[in-house]
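This report goes through selected parts of one structure, shown below.

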Amino acid sequence: MAAMRLTPLAASLPATVPFVGPEAQERAMGRRFVARIGANESVFGPSPRAVAAMAEAAASVWMYGDPELHELKAAIAAHHGVRPENVTVGEGIDGLLGNLVRLLVAPGTPVVSSAGAYPTFAYHVAGFGGTLVNVPYRGDAEDPEALLLAARKAGAPLVYLANPDNPMGSWHAGARIAEMIARLPGGCLLCLDEAYADFAPEGALPPLDVGEPRVIRMRTFSKAQGMAGARIGYALGHPELIAAFDRVRNHFGVNAIAMAGALAALGDRAWLAEVVAAVDAGRARLAGIAAANGLRALPSATNFVAVDCGRDGGFARRVLEGLVARGIFVRKPFVAPQDRCIRVTVGREADLDAFAAALPEALEAAYQ
């Protein structure tokens, strides 16, 4: 197309996306997955209250949603004991990450993350021309000390850390994260991705201090709240940083149906407790399935389990492909040595039964 004139930055980017969706895999196979347990969605779904609220809101979807998200921000603020000025809402954490990077990253800006961490963050950094500085995991967890050292050396204005972690499910104590925040170099912000906070054990999250300008904490309704398809999340932080999001965000980006669902979900603590309990039981079941096949499930503070396949990334890839061929959608980490694992989302009993039946066959095929 001679008329299309991409910017030099856009033209330099690869034509790719961070994830290949299960729908694309289903189209390629010509059939549906038996168990969709690869994207860390909550198969238990949203709160019935949220479903009812979204159904009611659908009749009024002819109207734009409130661009200030006044009611939802007030409810989120009350939920966390902060002020609405400490809350911004966006199209899931993915959308919020894009806006944060846009605020802080120009072409050539160094940004620090972990090699193999949540890939959408790196996608946004590349999209705005930033230079990603990666540090390795330490064991199977992100390394706060290495991230700090890299931020100081590079003079980075932004560091990314997920706690609990995706893709490994590991976590750091809240005190360790608080120490990291206190030691950040001047002019550096920590993006603390807490997508899996609802599953975290006691003591894994640092105290919420929205007066601390060196950290922004991101949450989502996609995981424990079961609203991944609604695309809605929020960030908590210092009011000056939160206000800056209004400079770049899509003010009509959060749809009105999602707002209604999120508002109702916040009020249903009983449903959240049921989901967390079901996930806890499901993690134990996955660990048992792994052990029965001579594999090891890593400790997890999320709604998924990383299963160590015991060899290298090539072997784990063959296991994954064997599972996909048998109708089981799972994913795996991208970077060695974490890529020796497959990552399995907690599913319903039928999902886990299907995984348990397919895993021995996938392993046998992978060994050949």
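How far is the sulfur of Cys309 from the closest cysteine sulfur, and in which residue does that sulfur lie?

## Cysteines

The model described here is predicted. The closest cysteine sulfur to that of Cys309 belongs to Cys341, at 6.8 Å, which is too far for a bond. Seen from the other side, the sulfur of Cys341 has its closest cysteine sulfur in Cys309, again at 6.8 Å and too far for a bond. A disulfide is a covalent bond between the sulfur atoms of two cysteines. The cut-off for a disulfide is a pair of cysteine sulfur atoms within 2.5 Å, and the structure holds zero disulfides.

Both cysteines are buried: Cys309 has a relative accessible area of 2%, and Cys341 has a relative accessible area of 0%.

## The sheet E9-E10-E12

Three strands form an open sheet in the order E9-E10-E12, and their pairing is antiparallel. Strand E9 (296–297) and strand E12 (341–345) stand at the edges with a single partner strand each, so one side of each has no neighbour in the sheet.

Five bridges connect strand E10 (residues 304–308) with E12 in the antiparallel sense. Within this pairing, Ala306 has Arg343 in E12 as its bridge partner.

## Strand E7 and its partners

Strand E7 covers residues 215–220, and six of its six residues are buried, so this strand is largely enclosed by the rest of the structure. In a regular strand the side chains alternate between the two faces of the sheet. In E7, Val215, Arg217 and Arg219 point one way, while Ile216, Met218 and Thr220 point the other way; all are buried.

E7 runs parallel to strand E6 (residues 189–193), and four bridges join the two. Leu190 is the residue opposite Val215 of E7. E7 also pairs with strand E8 (residues 233–236), here in the antiparallel sense and over four bridges. Arg217 has Leu236 in E8 as its bridge partner.

## Helix H10

Helix H10 spans residues 256–266. Its buried residues are Ala258, Met259, Gly261, Ala262, Ala264, Ala265 and Leu266. The buried residues of H10 pack against three helices: H3 (48–58), H4 (70–80) and H11 (269–292).

A polar contact lies at the start of H10, where a side-chain oxygen of Asn255 comes within 3.0 Å of the backbone nitrogen of Ile257.

Notes:
Residues are numbered from 1 along each chain as its sequence is written. This is a predicted model: local features need pLDDT of at least 70, side-chain atom pairs count only at pLDDT 80 or more; totals for chains, interfaces and linings use all residues. Side-chain values use heavy atoms; hydrogens and water are left out. Buried means under 20% relative accessible area, exposed over 50%, partly exposed in between (1.4 Å probe, protein chains only). Two strands pair if DSSP finds at least two bridges between them. Contact means heavy atoms within 4.5 Å. A polar contact is a pair of N or O atoms within 3.5 Å; within protein, one must be able to donate a hydrogen and the other to accept it, and residues adjacent in sequence count only if both atoms are side-chain atoms.
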